[in-house]
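Here is a quick walk through one model, going from the overall fold to a few side chains worth clicking on. Load it up and follow along.

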Amino acid sequence: MIRYALTRLALLLLGLFVASALIFMTLRVLPGDVAQLIAGVNSTPDQVAAIRDRLGLDDPLPVQYAAWIGGVLQGDLGSSLLTGSSVADKLVQKGQVTIPLGLMAMTIAMLVALPFGVISAMRRGHADGTALNVTAQTLAAVPVVWAGMMLVVVFAVWLGWLPAQGFPRSGWSDPGLAFRSLLLPAITIGVIEGAMLMRFVRSATLQATGQDFVRTAAAKGLTRNQALVRHGLPTVGLSIITVLGLQVAGIIVGSVVIEQLFSLPGIGRMLVADVGNRDLPKVQGELLVLTGFVLVVGFVVDLVHRVIDPRQREAE
């Protein structure tokens, strides 16, 4: 197990290195000149050149990359070219919106997917099981932006239960108000992601019903559903853990879109603004942190899967 963990950790570090290089090089081919943006439209070429020299934008790309990675290894993600603020501090500040939003969305997705996915499989061939399956397929195909707008119309405009946009300036000093501000965006992401996860839960549950140990338990006197619940669902849980790791990426992407739609001051909205402003150090830091988070989740999922699945331990 220790050898496996060290191997996965080495792959994680390699993945982070490759991701950092790709992020750095991709941002360098984007159109626009941040030095010109800082200098203003009435600036002279000499002024723009002086800004580029001060910011190190004329240094060779390997030198710029080495300087950035050297700072990252020391815990410094850099500073904004436009405001001079610390990238790490901004990520911590904006993360107070994005992280709770992601956790709420993941919780809602699991509450939707796990029970309804299992029920849909256990009720296969019945009207209610078919209805659940059709509903999941329909919701999975709905664009998250359209779903968000429909939920705003219903719960914010018609019913007036939840705020349509924004996040309190006081942050989490008023937990109730902050929670209400994130509830509608979290439901939007959670229901769509939950519908996609529900389809997988249904398929994994149906596959478990065909396993020999489930059929053996049924032959000993249990009903099919009893045998599935007692012996099949633990196997389904192993598969679901793997898929949950993949769902994290979907929730991160969904958060970027939803933060724009609901005017939430989170990491996703900040990232979109920084890309438009060509604030490369901030964009680099934001993308590296988001990518690293996804890779770390995958690393943890692999280890958890290895710990709770005896078949993988026996294969060592």
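A word on labels before anything else: helices here are DSSP runs of H or I with at least four residues, numbered from the N terminus. With that in hand, Met-1 is easy to place, as it sits in the segment before H1. Keep in mind that this is a predicted model.

**The overall picture**

Start zoomed out. The protein has 13 helices and zero strands, so the pattern along the sequence is the plain run α-α-α-α-α-α-α-α-α-α-α-α-α. Of its 316 residues, 40% are buried. If you take contacts between residues at least 6 apart in sequence, 71% of them join residues at least 24 apart. The surface comes to about 16,800 Å² of exposed area, and carbon and sulfur atoms supply 66% of that.

**Aromatic pairs between H1 and H4**

How many aromatic pairs does a search of the whole structure find? The search turns up six aromatic pairs. Let's look at two of them.

Phe-17 and Tyr-65 have ring centres 6.5 Å apart and planes at 70 degrees, so this pair is edge-to-face. Phe-17 is in helix H1 (residues 2–28) and Tyr-65 is in helix H4 (residues 61–73), which puts the partners 48 residues apart and makes the pair a link between distant parts of the chain. Phe-17 is partly exposed at 49% relative accessibility, whereas Tyr-65 is buried at 16%.

Phe-24 and Trp-68 have ring centres 6.3 Å apart, but their planes meet at 20 degrees, so they count as stacked. Here too distant parts of the chain are linked: Phe-24 belongs to helix H1 and Trp-68 to helix H4, 44 residues apart. Phe-24 is buried, with a relative accessible area of 1%, and Trp-68 is buried as well, at 8%.

Ring pairs join Phe-17, Phe-24, Tyr-65 and Trp-68 into a cluster.

**Ser-20, on the same topic**

Now click on Ser-20, which is found in helix H1. Is Ser-20 buried or exposed? Its relative accessible area is 2%, so Ser-20 counts as buried. The side chains of Ser-20 and Tyr-65 make a polar contact of 2.8 Å. Apart from its neighbours within four places in sequence, Ser-20 is in contact with Tyr-65, Trp-68, Ile-69 and Leu-288. Two of the ring cluster's members, Tyr-65 and Trp-68, are therefore on the contact list of Ser-20.

**Val-48 in H3**

Val-48 lies in helix H3 (residues 45–55) and is buried, at 8% relative accessibility. Its C-alpha atom is separated by 5.7 Å from that of Ala-35, 13 residues apart along the chain. Leaving out neighbours within four places in sequence, Val-48 touches Asp-33, Ala-35, Gln-36, Ala-39 and Ser-43.

**Back to Met-1**

Met-1 has a relative accessible area of 35%, so it is partly exposed. Met-1 also belongs to a nonpolar surface patch with Val-296, Val-300, Val-304, Val-307 and Ile-308, and together they have about 440 Å² of accessible area.

For handy reference, here are some of the accessibility values:

| Residue | Relative accessible area |
|---|---|
| Met-1 | 35% |
| Phe-17 | 49% |
| Ser-20 | 2% |
| Phe-24 | 1% |
| Val-48 | 8% |
| Tyr-65 | 16% |
| Trp-68 | 8% |

How values were computed:
Residues numbered from 1 in each chain as written. Predicted model: local features only at pLDDT ≥ 70, side-chain atom pairs only at ≥ 80, totals over all residues. Heavy atoms only, no water. Phe/Tyr/Trp six-rings, centres within 6.5 Å; stacked < 30°, edge-to-face > 60°. Helix = DSSP H or I, 4+ residues; strand = E, 2+ residues; numbered from the N terminus. Buried < 20%, exposed > 50% of the residue type's maximum accessible area, 1.4 Å probe, protein only. Patch = residues over 30% accessible without salt bridge, like charges linked within 9 Å, V, L, I, M, F, W, Y side chains within 5 Å. Areas by Shrake-Rupley, 256 points an atom, 1.4 Å probe, with all protein chains shown as cover. Salt bridge = Lys/Arg side-chain N within 4 Å of Asp/Glu carboxyl O. Contact = heavy atoms within 4.5 Å. Polar contact = N/O pair within 3.5 Å; in protein donor to acceptor, adjacent residues only side chain to side chain.
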